[in-house]
Amino acid sequence: MKKQKYTFLFVTFVLSFACALFVAMKVFPNNPFSKTKSKVENNELSKIKDGDIIFQTSQSPQCEAVRIATNSKFSHCGIIYNINGKWFVFEAVQPVKLTPFDEWIQHGKDNKYVVKRLKNADKTLTPSVIQKMQEYSQQFDGKEYDAYFEWTDNRIYCSELVWKIYKNVAGIELSKLKELKDFNLEDARVQKILKERYRNEIPLEEKVVAPSDLSDSDLLETIIDNY
């Protein structure tokens with residue numbers, strides 16, 4: 001009788017643990033028991049290189065306005081750096097900072113992202129150039145995000161950060177600069193953001209570069225696209 005009792009308790013424990021583990025994997029997909037997700041992430045991480053540019057769809061009202069004004073699904077971008085063997089995205093948020101790669105992905109809509117690379121990266125982005133890009137980037141670390149999209153270094157926004165690092169270190173203009181008036185500003189959601197930022201003095205001739213300008217660059221090729 002005792003043997004049957006202990007057998008019943010053991011089977012009950014195993015079944016309970018299995019059920020709990022199943023629920024945890026569904027509710028908490030990032031838990032360490034989820035082997036499938038880790039394999040996918042490792043496979044994608046093996047494709048990226050220092051200096052790659054990564055794009056995502058952010059979900060704030062401002063980012064929605066950016067997508068509408070630029071007719072693009074992308075509203076945020078950054079540069080991928082390998083720091084001491086770990087992957088980070090250097091991005092202009094509030095403030096400008098290095099964000100762990102996995103954490104950065106989770107900030108985008110549905111964890112979707114696109115990684116692009118300079119077509120001649122092997123020849124152009126040498127270890128020496130990458131080191132200079134990382135060193136140059138340090139001057140922006142901790143700076144405030146530029147919600148007014150001004151073409152200065154006092155504050156800085158995401159695509160401006162990427163563009164200036166490539167231009168001022170590698171001598172590469174990833175795209176031609178535009179003016180604010182070149183974008184679609186007629187949509188009511190865009191107008192709302194513009195009025196909140198500038199009231200009635202919208203700087204229509206301000207130099208601007210959008211995430212879409214970088215993603216559409218003929219100088220880049222797509223490495224990862226999980227949209």
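**Exercise 1.** Determine which residue of strand 5 stands opposite isoleucine 53, and how strand 1 is joined to its partners.

*Solution.* In this predicted model, isoleucine 53 stands opposite lysine 116, which belongs to strand 5. Next, consider the pairing as a whole: strand 1 and strand 5 run antiparallel and are joined by 3 bridges. Then turn to strand 2, which also runs antiparallel to strand 1 and is joined to strand 1 by 4 bridges; here isoleucine 54 stands opposite glycine 78.

**Exercise 2.** Work out which residues of strand 1 point one way and which the other way, and state whether they are buried or exposed.

*Solution.* Begin with Ile53 and Phe55, which point one way from strand 1, and then take Ile54 and Gln56, which point the other way. In a regular strand, side chains alternate between the two faces of the sheet. Finally, check accessibility: all four of these residues, Ile53, Ile54, Phe55 and Gln56, are buried.

**Exercise 3.** Identify the members of the largest nonpolar core that touch the most other members, and the helix that gives the most to this core.

*Solution.* The largest nonpolar core holds 45 residues, of which Met133, Tyr166 and Leu174 touch the most other members. Among the elements that give two or more residues to this core are strand 1 (53-56), helix 6 (127-137) and helix 7 (158-170), and helix 7 gives the most, with 6 residues. Now follow leucine 174, whose contacts beyond its neighbours within four places in sequence include Ile53, Val162, Trp163 and Tyr166. Apart from the largest core lies another core, of 10 residues, and Ile54 is one of them, as are Ile48, Trp104 and Ile224.

Note on methods: Residues are numbered from 1 along each chain as its sequence is written. This is a predicted model: local features need pLDDT of at least 70, side-chain atom pairs count only at pLDDT 80 or more; totals for chains, interfaces and linings use all residues. Side-chain values use heavy atoms; hydrogens and water are left out. A nonpolar core is a set of buried Ala, Val, Leu, Ile, Met, Phe, Trp, Tyr and Cys residues joined through side-chain atoms within 4.5 Å. Buried means under 20% relative accessible area, exposed over 50%, partly exposed in between (1.4 Å probe, protein chains only). Contact means heavy atoms within 4.5 Å. Two strands pair if DSSP finds at least two bridges between them.
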